[in-house]
Amino acid sequence: MNKIWTYMMIVSVIALTFTNPSVLVTEMTDASWNVLKLCAQLLAIYTIWMGLLEIVDQSGLGEKLAKLLSPLIRWLFKIKDPEATKYIALNLSSNMLGLGNASTPMGIKAMKKLDDGSGNATPAMIMLLIVNSTIIQLLPTTTIGLRASSGSQSPSDIIIPTIIATFITCLFGILMAKLCEKIFSRKKCKKDKGGK
Amino acid sequence: MFISNYLVPIIILALLIYSIVKKLETYNIFVKGARGAFDLVLSIFPFITAIMIMVALMRVSGLTDILVSFLAPVFNLLGIPIEVTELILLRPFTGSGSYALLNEIFVTYGPNCYISRCASVMMSTSETIFYVATVYFAQTSVKRLSYAIPLALFCSLFGTILACLICKFM
């Protein structure tokens, strides 16, 4: 991430210096200002969802959902920690329903629980990221809304292709994550042996 | 449209009724949970800013256009329409930005044509990966992401190709 960011910034700034140096600072300030606006929006949304999710948590609904999904989660992430399982269960189920804004706070809490403090992303954390970015979408609400507002007669006819495509992509993602986990852990073993 | 409009109200209503059944101090619990949102947004702000500054500079410097013109033929070989290339590049970085572009595609080509359907399905098979990765890892100790982002991008690309393929038949 450090390298990508730095290189992209260098190339962009060089290109801008030649083409249009005066807009550099205004563009950066604009971008930052837009993020500030976005964050204000997110704060409003997260406040509502995190309040509601605390109710889910305290009422014991979170645990029930976690119990329901725990065989799947145990297989995917190889974890036993009940708290992490609960957050992952909430994160994935809200994500599937297209409630991205509700799932993000839960995802962050789950990541915190999965953190082993070593500074490295563990296989479980990477799996969570992959599953999150490929997860099955049962109701792509925003896309359907956009299609309707731009005058489509059948705005929701993309639901079935979407479910099929995301289902296969999700399976593919899980398989690839498991595969990479094996490859990388083997490399690590070799390194450790070489070190000794 | 029918189900999606009622989904959220029903979930919230069910939750509130359940909390009465369980005899919880619903109001106090809501406030307690809501307080955490401030810390959360504060800790993700610098990460999103860094990413969005990069995206903005890439756009005004013309780097995005160059990337699009390089990648469009490659994507085309994989069965992805040229018109969707910019959306594929933008999607990993920004949710609101990519939805704006999706809307533009709908307006330009009409919402029911092949290109628009491809774009619609690929919005779901992919995700704002850089955004999610920075936000999710913002409160952890993780400094080295290892293979996380390349793998996520690869899976997204697979999803996009698949989306275009499925839209050909459905």
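**Entry 1. A lysine in chain A**

I began with A:Lys37, which I located in helix 2 of chain A. The structure I am reading is a predicted model. I asked whether A:Lys37 is buried or exposed. A:Lys37 is exposed, because 10 other C-beta atoms lie within 10 Å, and a residue counts as exposed at 12 or fewer. I then took the distance from A:Lys37 to A:Ile135: the two are 98 residues apart along the chain, and their C-alpha atoms are separated by 28 Å.

**Entry 2. A glutamate in chain A**

I turned next to A:Glu181, and found this residue in helix 8 of chain A. The count for A:Glu181 is 18 other C-beta atoms within 10 Å, so I recorded it as partly exposed. I also noted its position relative to A:Gly151: the C-alpha atoms are 45 Å apart in space, with the two positions 30 residues apart in sequence.

**Entry 3. Chain A as a whole**

I listed the secondary structure of chain A and obtained eight helices and zero strands. From the N terminus on, I read the order as α-α-α-α-α-α-α-α. Chain A is more spread out than a compact globule, because its radius of gyration is 21 Å, well over the 16 Å that the globule rule gives for 196 residues. Along the principal axes, I found that the C-alpha atoms of chain A fill a box of roughly 60 × 55 × 35 Å.

I also looked up burial, and 42% of the 196 residues of chain A count as buried. Among the contacts in chain A with a separation of 6 or more, I noted that 61% are between residues 24 or more positions apart.

**Entry 4. Chain B as a whole**

I repeated the reading for chain B, which has eight helices and zero strands. I wrote down its pattern along the sequence as α-α-α-α-α-α-α-α. The radius of gyration of chain B is 20 Å, whereas a compact globule of 170 residues would have one near 15 Å. I noted a box of roughly 60 × 40 × 30 Å for the C-alpha atoms of chain B, taken along the principal axes.

Of the 170 residues in chain B, I recorded 39% as buried. Residues 24 or more positions apart make up 66% of the contacts in chain B with a separation of 6 or more.

**Entry 5. Where chain A touches chain B**

I asked how many residues each chain gives to the contact. Chain A gives 83 residues and chain B gives 77 residues. On the side of chain A that touches chain B, I found at least two residues from each of helix 1 (2–19), helix 2 (23–58), helix 5 (100–114), helix 6 (123–134), helix 7 (141–149) and helix 8 (159–195) of chain A. Helix 2 of chain A supplies the largest share of that side, 22 residues. By class, I recorded 49 nonpolar, 28 polar and six charged residues on the side of chain A that touches chain B.

**Entry 6. A helix pair in chain B**

I then examined helix 6 (residues 114–125) of chain B against helix 8 of chain B. These two helices pack at an angle of about 145°, with their axes 8 Å apart. I noted their crossing as right-handed. From helix 6 of chain B, the residues making the contact are B:Tyr114, B:Arg117, B:Cys118, B:Val121, B:Met122 and B:Thr125. From helix 8 of chain B, I listed B:Ser156, B:Gly159, B:Thr160, B:Leu162, B:Ala163, B:Cys164, B:Ile166 and B:Cys167. The contact of the two helices has nine nonpolar, four polar and one charged residues.

**Entry 7. A serine from that helix pair**

I followed up B:Ser156, which lies in helix 8 of chain B. Is B:Ser156 buried or exposed? B:Ser156 is buried, because 23 other C-beta atoms lie within 10 Å, and 20 or more suffice for that class. I asked which residues B:Ser156 touches, not counting those up to four places away in sequence. They are A:Ser133, B:Pro92, B:Thr125, B:Ser126, B:Glu127 and B:Ile129. For B:Pro92, I noted a C-alpha to C-alpha distance of 8.9 Å from B:Ser156, at 64 residues apart in sequence.

**Entry 8. Confidence**

Lastly, I looked up the scores. The model has ipTM 0.82 and pTM 0.83. The mean pLDDT of chain B is 86, and 97% of its residues reach 70 or more. Within chain B, I found confidence lowest in helix 1 (residues 2–21), at a mean of 82, and highest in helix 8 (residues 148–169), at 90.

Note on methods: Residues numbered from 1 in each chain as written. Chains lettered and ligands numbered in written order. Predicted model: local features only at pLDDT ≥ 70, side-chain atom pairs only at ≥ 80, totals over all residues. Helix = DSSP H or I, 4+ residues; strand = E, 2+ residues; numbered from the N terminus. Rg over C-alpha atoms; globule rule 2.2 N^0.38 Å. Contact = placed C-beta atoms within 7 Å. Nonpolar A, V, L, I, M, F, W, Y, C, P; charged D, E, K, R; others polar. pLDDT = per-residue confidence, 0-100. Axes fitted to C-alpha atoms, helices over the stretch in contact; angles between N-to-C directions. Left-handed = near helix turned anticlockwise from the far one by under 90°.
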